[in-house]
Amino acid sequence: MNYTIADISKKLNIPSSTLRYYEDLGLIKDVKRSSSGHRVYEKKHIERLEAIECFKKAKMTMSEIQDFFKYEENCSESIDDMMALLTNRRSKLLEEFSSLYEAYAHILKKLDYYGQVEKSIKESSQLPTWNDYDKKSYEDAAMADILSKINGGVSGDVSK
């Protein structure tokens with residue numbers, strides 16, 4: 001099936017100017033033209049664009065994305081470079097994930113504490129002390145939320 005630049009832009013939520021930019025960078029190749037000169041995209045272009053968007057979410061630079069596809073074209077000669085690129089990106093993502101995981105657990109702790117503060121205020125009861133919450137671990141709740149989100153939802157309820 002063939003697609004116009006407007007079709008691709010709408011389908012993948014990528015501005016037309018970005019599609020042209022990717023073509024200029026050589027990230028999208030072999031884009032044919034219609035008899036009226038309009039770009040004609042194919043399934044292979046959609047797959048490439050989905051890969052580019054995934055790499056961007058992984059915070060790869062345009063240069064790294066270009067390198068990836070260059071290595072992919074000549075995999076047998078570039079496998080060491082490919083593996084180094086992907087291993088490096090994995091390490092950076094893991095560092096970022098670890099940092100975000102710790103921050104998320106801390107937010108859960110704050111939500112739990114201030115949720116109890118809110119409840120105490122509404123019930124006119126004694127306020128909780130931070131020391132009680134500061135000693136509690138929220139890593140298990142954080143991981144449960146992360147896994148729930150991956151599987152299609154998020155609980156966000158630390159009182160379980």
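**Close-up views of a predicted model**

**View 1. Arg33 lies in strand β1.** The model shown in this and the following views is predicted. With a relative accessible area of 45%, Arg33 is partly exposed, because that value falls between the limits of 20% for buried and 50% for exposed. Outside its neighbours within four places in sequence, Arg33 is in contact with Glu23, His38, Arg39 and Val40. A polar atom of the Arg33 side chain is also found 3.1 Å from the backbone oxygen of Gly37. As a distance marker across the model, the C-alpha atoms of Arg33 and Ile107 are 52 Å apart in space, with the two positions 74 residues apart in sequence numbering.

**View 2. Helix α2, residues 16–25, has Thr18, Leu19, Tyr22 and Glu23 as its buried residues.** Viewed down the axis of α2, these residues fall within an arc of 145 degrees, so they line one face of the helix. The cover over the buried residues of α2 includes two strands, β1 (32–33) and β2 (39–40). Helices α1 (5–12), α3 (43–57) and α4 (62–73) are also among the elements that cover them. Glu23, one of the buried residues of α2, is in addition one of the contacts of Arg33 shown in View 1. Just after the helix comes Gly26, whose phi is positive, at about 85 degrees.

**View 3. Ile5 of helix α1 is in contact with Leu19.** Ile5 has a relative accessibility of 19% and counts as buried, because the cut-off is under 20%. Besides Leu19, its contacts beyond four places in sequence are Ser16, Arg20, Arg39 and Tyr41. The C-alpha atoms of Ile5 and Leu19 are separated by 7.7 Å in space, and the two residues by 14 positions in sequence. Leu19 itself is among the buried residues of α2, and α1 is among the elements that cover those residues.

**View 4. Asn13 is placed in the loop between α1 and α2.** Although Asn13 is not a glycine, its phi is positive, at about 55 degrees. Its relative accessible area of 69% makes Asn13 exposed.

**View 5. The largest pocket has a volume of about 150 Å³.** Its lining is formed by Leu27, Ile28, Lys29, Asp30, Lys44, His45, Glu47 and Arg48. Sorted by class, these comprise five charged residues, two nonpolar residues and one polar residue.

**View 6. Phe55 lies in helix α3 and is buried.** The relative accessible area of Phe55 is 13%. Leaving out neighbours within four places in sequence, the contacts of Phe55 are Met60, Ile65, Phe68 and Phe69. Helix α4 spans residues 62–73, and Ile65, Phe68 and Phe69 have numbers within that range. Between the C-alpha atoms of Phe55 and Lys43, which are 12 residues apart in sequence, the distance is 19 Å.

**View 7. Lys59 is placed in the loop between α3 and α4.** The phi of Lys59 is positive, near 65 degrees, in a residue other than glycine. Lys59 is also one of the residues in contact with Arg89, the subject of the next view.

**View 8. Arg89 of helix α5, residues 75–123, reaches the backbone oxygen of Ala58 with its side chain.** The distance for this approach is 3.3 Å. Arg89 counts as buried at 10% relative accessibility. Beyond neighbours within four places in sequence, Arg89 is in contact with Ala58, Lys59, Met60 and Glu64. Met60 is in contact with Phe55 of View 6 as well. Along the chain, Arg89 and Ile79 are 10 residues apart, and their C-alpha atoms are separated by 15 Å.

**View 9. The side chains of Asp145 and Tyr104 are joined by a polar contact of 2.6 Å.** Asp145 is found in helix α7, which runs over residues 139–150. At a relative accessibility of 3%, Asp145 counts as buried. Tyr104, its partner in the polar contact, has a number within the range of helix α5, residues 75–123.

Conventions. Residues are numbered from 1 along each chain as its sequence is written. This is a predicted model: local features need pLDDT of at least 70, side-chain atom pairs count only at pLDDT 80 or more; totals for chains, interfaces and linings use all residues. Side-chain values use heavy atoms; hydrogens and water are left out. Helices (H or I, at least four residues) and strands (E, at least two) are DSSP runs, numbered from the N terminus. Buried means under 20% relative accessible area, exposed over 50%, partly exposed in between (1.4 Å probe, protein chains only). A polar contact is a pair of N or O atoms within 3.5 Å; within protein, one must be able to donate a hydrogen and the other to accept it, and residues adjacent in sequence count only if both atoms are side-chain atoms. The arc is that of the directions from the helix axis to the C-beta atoms. Contact means heavy atoms within 4.5 Å. On a 1 Å grid over the protein atoms alone, a cavity is a set of points where a 1.4 Å probe fits but cannot get out, and a pocket is an open set with protein on both sides within 12 Å along at least five of seven lines; lining residues have an atom within 4 Å of a point. Grid points are joined across faces, edges and corners, and a volume is the space filled by probe spheres set on the points. Ala, Val, Leu, Ile, Met, Phe, Trp, Tyr, Cys and Pro count as nonpolar, Asp, Glu, Lys and Arg as charged, and the others, Gly among them, as polar.
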